[in-house]
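The following exercises ask the reader to work through a protein structure residue by residue. Each task is followed by a solution in steps.

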Amino acid sequence: MQGGEEDEEEVLRCQINEWYPMFKPHTIRTLFHPLPDPFLRYLLGLNPVSPPPHADSHSDDDDDAPPPFLLPRPASGRDPLPRPAAGIDPTSLLDCSSQLSVSDEDEAEADSAPSFPELEAAVERSIAALGGAAFPKLNWSAPKDAAWISADGTLRCSSFADVALLLHSSDSIAHDLSSHPLPSSSSSSSSFPLFTFYLALRKWYPSLRPEMEFRCFARCRRLIAISQREVTNFYPALLDRRHHFLPLIQSFFSEVVGPTFESRNYTFDVYVTIDGRVKLIDFNPWRAFTLPLLFTWEELEEEAFNSKEEEVDKEKGEEKARFVEFRIVESQCGVRPGLKTAVPYDYLDTGEGSGWDQFLRRADEELRKQAQTTLHPSDDA
């Protein structure tokens, strides 16, 4: 890697809209939609209608306040998500004698919900073409941190409203959108070329098993390590099958990924099917916002780690096969429960002095106090 420009190129190369055409036969069917500026502003919690370029930013403090979170108004008239009627106090529903009324002001607020009819129609068509359900993501990230807000706790979307809810609720998506200026941004200029964000709708497979997905680490264009992708659970079946998966993934890298993908250092996620086929799921840049899972970036970059080799039987040709470290959660004690929080683990700050650091310190102190009380009960007890 030499300089920031090459780093930026490797990050851009990991966009799904960039790599998908090259690996289409080896990955999940995906349909793409360029996202218009009003919808991008909506996802960032901004007014979908951008202000005039020479508007007075100090004219009214209320103009700077973000709009309330409202799901897009369905242009089709079919709304799959339950919404409370405007102006209704939920507690009043307990009083059978109460009369429900909606004021003109409440109706106006309900009508102020944004609408994106062209994008909605295109997304609905794509979801239907993918079998009625899809998995959404943008150029880099999927809204996995927002799965808790969906009805079934997954990223399964059967409507445009489902997609909008997940994308709007995700910090990972907000991080991606904030990394490049929007077309209406005042910072956009010749030195900041306009950037196109895409909604990628991927076919939803309810039968996919999380323990069959793995993250692979390629350094200096060589596969050096593989990690179990879902590390918040222990899967005993992987203990016996790990040695079966390794040659499958190695062959997939040497025949498909390695010769085609141009980056020098990167990670890629794969899924191994029951019949032994390997499917490409995603690419991610080296380090950056990518999670190393059961490794650390420091050990992955150690010279000793990257120089490991294992001897091949001399009868097979006096060649040396590169050693690939394959790690899985080997017991219940090895799970990473921190990844089950609603906070994206990639952005979780546990450094000294952080909020999480103080919380964990106080929790340790409370546990010590409880232990002392148990071992040395007071005389009054």
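The exercises below concern a predicted model.

**Exercise 1.** Determine where Thr267 lies and whether Thr267 is buried or exposed.

Solution. Begin with the secondary structure: Thr267 belongs to strand S6, which covers residues 266-272. Next, consider accessibility. The relative accessibility of Thr267 is 0%, and residues under 20% count as buried, so Thr267 is buried. Then list the contacts beyond four places in sequence: they include Arg215, Cys216 and Phe217, as well as Asp282, Phe283 and Asn284. Pro285, Trp286, Thr290 and Trp297 are also in contact with Thr267. Finally, for Thr290, the separation from Thr267 is 23 residues in sequence, while the C-alpha atoms are 8.2 Å apart.

**Exercise 2.** Describe the largest nonpolar core and state which helix gives the most to this core.

Solution. First, the size: the largest nonpolar core comprises 69 residues. Within this core, the residues with the most contacts are Phe39, Phe214, Ile226, Phe268, Val270 and Phe283. Second, the contributors: helix H9, residues 237-260, gives the most, namely eight residues. Third, the domains: at least three residues of the core come from each of domain 1 (29-47 + 116-183 + 195-204) and domain 2 (210-327). Fourth, take Val270 as an example. Leaving out residues up to four places away in sequence, Val270 touches Met212, Glu213, Phe214 and Cys216, among others. The list for Val270 also includes Ile249, Phe252, Val278, Lys279, Leu280 and Ile281. Lastly, another core of seven residues lies apart from the largest one, and among its members are Phe217, Ile224, Trp286 and Trp297.

**Exercise 3.** Which polar partners does the side chain of Asn139 have?

Solution. Locate the residue: Asn139 is in the loop between strand S2 (134-137) and helix H7 (160-168). Assess its exposure: Asn139 has a relative accessibility of 0% and therefore counts as buried. Identify the partners: the Asn139 side chain forms a polar contact with the side chain of Gln15 at 2.7 Å. In addition, a polar atom of the Asn139 side chain lies 2.8 Å from the backbone nitrogen of Tyr198. Complete the surroundings: beyond four places in sequence, Asn139 is in contact with Cys14, Gln15, Ile16 and Asn17, and also with Phe195, Thr196, Phe197 and Tyr198.

**Exercise 4.** Classify the ring pair of Phe217 and Trp297, and explain which parts the pair ties together.

Solution. The whole structure contains 23 aromatic pairs. For Phe217 and Trp297, the centres are 5.8 Å apart and the planes meet at 80°. Angles over 60 degrees count as edge-to-face, and the pair is edge-to-face accordingly. Phe217 is in strand S4 (residues 213-219) and Trp297 in helix H10 (residues 297-300), so the pair joins parts 80 residues apart in sequence. Both rings belong to buried residues: the relative accessible area is 0% for Phe217 and 7% for Trp297.

**Exercise 5.** Classify the ring pair of Tyr266 and Phe268, and name the cluster to which these residues belong.

Solution. The ring centres of Tyr266 and Phe268 are 6.2 Å apart and the planes are at 40°, so the pair is tilted. Tyr266, at 1% relative accessibility, counts as buried, as does Phe268, at 0%. Ring pairs join Tyr266 and Phe268 to a cluster that also includes Trp19, Tyr20, Phe23, Phe32, Phe253, Phe261 and Phe283.

Conventions:
Residues are numbered from 1 along each chain as its sequence is written. This is a predicted model: local features need pLDDT of at least 70, side-chain atom pairs count only at pLDDT 80 or more; totals for chains, interfaces and linings use all residues. Side-chain values use heavy atoms; hydrogens and water are left out. Helices (H or I, at least four residues) and strands (E, at least two) are DSSP runs, numbered from the N terminus. Buried means under 20% relative accessible area, exposed over 50%, partly exposed in between (1.4 Å probe, protein chains only). Contact means heavy atoms within 4.5 Å. A nonpolar core is a set of buried Ala, Val, Leu, Ile, Met, Phe, Trp, Tyr and Cys residues joined through side-chain atoms within 4.5 Å. Domain bounds come from an automatic or database domain assignment. A polar contact is a pair of N or O atoms within 3.5 Å; within protein, one must be able to donate a hydrogen and the other to accept it, and residues adjacent in sequence count only if both atoms are side-chain atoms. Rings of Phe, Tyr and Trp (its six-membered ring) pair if their centres lie within 6.5 Å; planes under 30 degrees apart count as stacked, over 60 as edge-to-face and the rest as tilted.
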